[in-house]
Amino acid sequence: MSSSVKLEDEKAPVKREAGLKLFFKRLALIRESPVGMVGAALILFWVVMAVLAPVLPLYDPNAIMAPFQKIGAAAPDGGTFWLGTDHKGRDILSRIIWGAQKVLIWATFATFVAYVVGMLMGVLAGYKGGWADEIVSFIANIFLSFPFIILCIIIVATLGASGWTVVVAVTFASAPQIMRIVRGLVLDLKTRDYIFAAQTRGETPWYIMLVELLPNARGPLIVDACLRLGYTVVAIATLGFLGLGLPPPDPDWGLMLKEAVPLGAFAGHTMYLPAAALASLILGFNLLADGLREISLRD
Amino acid sequence: MIVLAGKRLLAMLLIMLVVSFILFSLFESDKMAVAGKVLGAYSSLEQRELWLTQNGYDAPFLERYLQWVGGALHGDFGNSLQYKVPVSELLADRLKNTGILTLVFFLIMIPLSLTLGVLAGMKEGSWLDRVISVVAVLTTSIPEFVTATFLTGVFVYSWHLLPGTSSMTGGFSWKELILPVMVLVIYDFGYVTRMTRASMAEVMTSQYIRTAVLKGLPYKRVIMRHALRNALIAPFTVIVLQLNWLLSGLVVVEVFFAYKGFGYLLVDAALFGDIYVIEACVLVAVFVAVFSQFISDIGYTLLNPRIRFS
């Protein structure tokens, strides 16, 4: 027994490097899909903006200066409002970039939590089968019978509006869908020889589920994760627009739109700019997912 | 067939029961919080306790739940805290408005997306197919309130053609219905179009279509008589299942245009903390979602004799 463990230890680093290399090779394949490239570029743009937000020479996103300044107007302190200011006199460029950071961080975190929960549920239901499957599937069906936004509204109405509530809402709404996908994949994978080999070796069920099954289900999950990140961005922005999202005054794209639309008659840029930002980011996720799917169907 | 329908109906009832229990536990398990919501944040402890006793809140939780379910089945959801009228009256009025919006939406979306989907699927890879597919992806990826923002900007603020809100305060108005319906159609038609296209494209490559073409039937007849019948089964399911998806969209669109429908009522109630209205609205929404799932399952089996769920 001890010798076999040693053998695995020796081989492990080599195998992992190959796995990583393979992953990057797959990632590089995105170059072959123009649609995917456009999507990746859009997302990359916003990610770079979000990362650079603290170092860029921006005004404080919550600082109240001159209201309703046009695009490129001169600021009182000698600077420029590159994208103008909103109804309260806050710099729109700064609010959009800080808003990008906020929506990307919360969306990634919420999607990640939803994935952890959904994958555990799915692998449990698929591998164990029987009662575990019945129970997990029934729970998933309950939450799938709620329309997405309505589930979010109930959760926000009970827990109050905050970033953490958004994470809970997205988890409840997305995890059942992830569970269904993973369950389907696991049902297929668990008949493979390497699973029988692991069972014969005497591995514990959790080892088989987490180490043998999940990593092999990753292909379709990457496409889904990309789409789901887009949905989560939409969900966060929609909740913000309904007044149930991340609380003000910190910039939130949905809330910016909600506040700007009634005033759009005399300050169109205050509503078009956040709308365009949101549309471009979501389009990015959708196009990247399309590109990834196209490539994964090819091999 | 009847066995299948019975099984699905039973599952539907079970789901509704669990959902109603979750809702009731979420909003009414804490009695004091309920009394606080009803009487206001500044009511005294004695007032709250008196109110709870008067309204039968001293009964055990399960008994209260059963009473509440019984009331809900009769359409009695209590009184709205915000509007001080029975929830059922409020809901009936709002559901009627949402019904009108949904009906007009379906009357436009279904013919449009079926036509586009069939046109695209007839000749896979043609320029028409590519244009339709790209447009369908683009419009579906942009969320409703972003589309609504751009449309409002163009039609309301720039061209002054349409009203920017659809509250229908001056009676029913077609003009106020145009923008909400337009937003819903733009957001939703893409999905049905893509499903129809996929279904049509698959049928077009099947053996019996090739046979029909090879035996010299006119192309029009092959499409109308042979292809469409099978190609339209899948979109039927998608359109019915669309209802669940549509409900989320309706909420956003109604709030955006201040359209006095069911979604507006729900968000309004959530912001105010009007628990009885939230409960009623969510029950109705989940019922619609579950029921449409049921209809789509049964309809799919009826339409497609090759499929029989065991």
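Into which domains is chain B divided? I looked this up first: domain 1 takes residues 2-73 and domain 2 takes residues 87-308 of chain B. I note here that the model is predicted.

**Entry 1. Chain B overall**

I checked the secondary structure of chain B and found 13 helices and zero strands. Read from the N terminus, the element order is α-α-α-α-α-α-α-α-α-α-α-α-α. I took the extent of the chain along its principal axes, and the C-alpha atoms of chain B fill a box of roughly 85 × 60 × 30 Å. Chain B has 310 residues, and 50% of them count as buried. I then looked at contacts in chain B with a separation of 6 or more; 73% of these join residues 24 or more positions apart.

**Entry 2. Domain 1 against domain 2 in chain B**

I took the domain centres over C-alpha atoms and got 34 Å between domain 1 of chain B and domain 2 of chain B. For the contact itself I list 19 residues on the side of domain 1 of chain B and 15 residues on the side of domain 2 of chain B. The two domains of chain B bury about 1,600 Å² between them, with 82% of that area on carbon and sulfur atoms.

Which three residues supply more than any other three of the area that domain 1 of chain B buries against domain 2 of chain B? I find Met12(B), Met16(B) and Phe27(B), with 35% of that area.

For polar features across this domain interface of chain B, I note one salt bridge and three residue pairs in polar contact, counted with both residues at pLDDT 80 or more. On the side of domain 1 of chain B that touches domain 2 of chain B, helix H1 (2-28), helix H2 (31-39) and helix H4 (61-73) each supply at least two residues. H1(B) gives the most to that side, with twelve residues. Sorted by class, the same side of domain 1 of chain B holds 15 nonpolar, one polar and three charged residues.

**Entry 3. The Arg8(B) pair**

I looked up the salt bridge between Arg8(B) and Asp297(B), where the closest N and O atoms are 2.3 Å apart. Arg8(B) sits in helix H1 of chain B and Asp297(B) in helix H13 of chain B, so the pair ties together parts that are 289 residues apart in sequence. Are the two partners buried or exposed? Arg8(B) has 28% relative accessibility and counts as partly exposed. Asp297(B) counts as buried because its relative accessibility is 14%, and the cut-off for buried is under 20%.

**Entry 4. Chain B against chain A**

How many residues does each chain give to the contact? I count 40 residues from chain B and 39 residues from chain A. Chain B and chain A bury about 3,200 Å² between them, and 83% of it lies on carbon and sulfur atoms. I searched this interface for salt bridges and the rule returned zero. The search for polar contacts between chain B and chain A returned three residue pairs, both residues at pLDDT 80 or more.

I then asked which elements of chain B give two or more residues to the side that touches chain A. They are H1, helix H6 (127-141), helix H7 (144-158), helix H11 (233-256), helix H12 (262-272) and helix H13 (275-303) of chain B. The residues of that side of chain B divide into 33 nonpolar, six polar and one charged.

**Entry 5. Other salt bridges**

Over all chains I record twelve salt bridges. One that I looked up in chain B pairs the side chains of Asp129(B) and Arg197(B), at 2.5 Å from N to O. Asp129(B) lies in helix H6 of chain B and Arg197(B) in helix H8 (residues 174-204) of chain B, so this pair ties together parts that are 68 residues apart in sequence. Asp129(B) has 3% relative accessibility and counts as buried.

In chain A, I found Asp86(A), Arg90(A), Arg95(A) and Glu259(A) joined into one network by salt bridges that share partners. I also looked up the pair Arg192(A) and Asp188(A), whose side chains meet in a salt bridge at 3.3 Å, N to O. Arg192(A) counts as partly exposed at 37% relative accessibility. Asp188(A) is partly exposed as well, with a relative accessible area of 44%.

Terms used
Residues are numbered from 1 along each chain as its sequence is written. Chains are lettered from A and ligands numbered from 1 in the order in which they are written. This is a predicted model: local features need pLDDT of at least 70, side-chain atom pairs count only at pLDDT 80 or more; totals for chains, interfaces and linings use all residues. Side-chain values use heavy atoms; hydrogens and water are left out. Domain bounds come from an automatic or database domain assignment. Contact means heavy atoms within 4.5 Å. Buried area is the accessible area (1.4 Å probe) that two parts lose on being put together, summed over both. A salt bridge is a side-chain nitrogen of Lys or Arg within 4 Å of a carboxyl oxygen of Asp or Glu. A polar contact is a pair of N or O atoms within 3.5 Å; within protein, one must be able to donate a hydrogen and the other to accept it, and residues adjacent in sequence count only if both atoms are side-chain atoms. Helices (H or I, at least four residues) and strands (E, at least two) are DSSP runs, numbered from the N terminus. Ala, Val, Leu, Ile, Met, Phe, Trp, Tyr, Cys and Pro count as nonpolar, Asp, Glu, Lys and Arg as charged, and the others, Gly among them, as polar. Buried means under 20% relative accessible area, exposed over 50%, partly exposed in between (1.4 Å probe, protein chains only).
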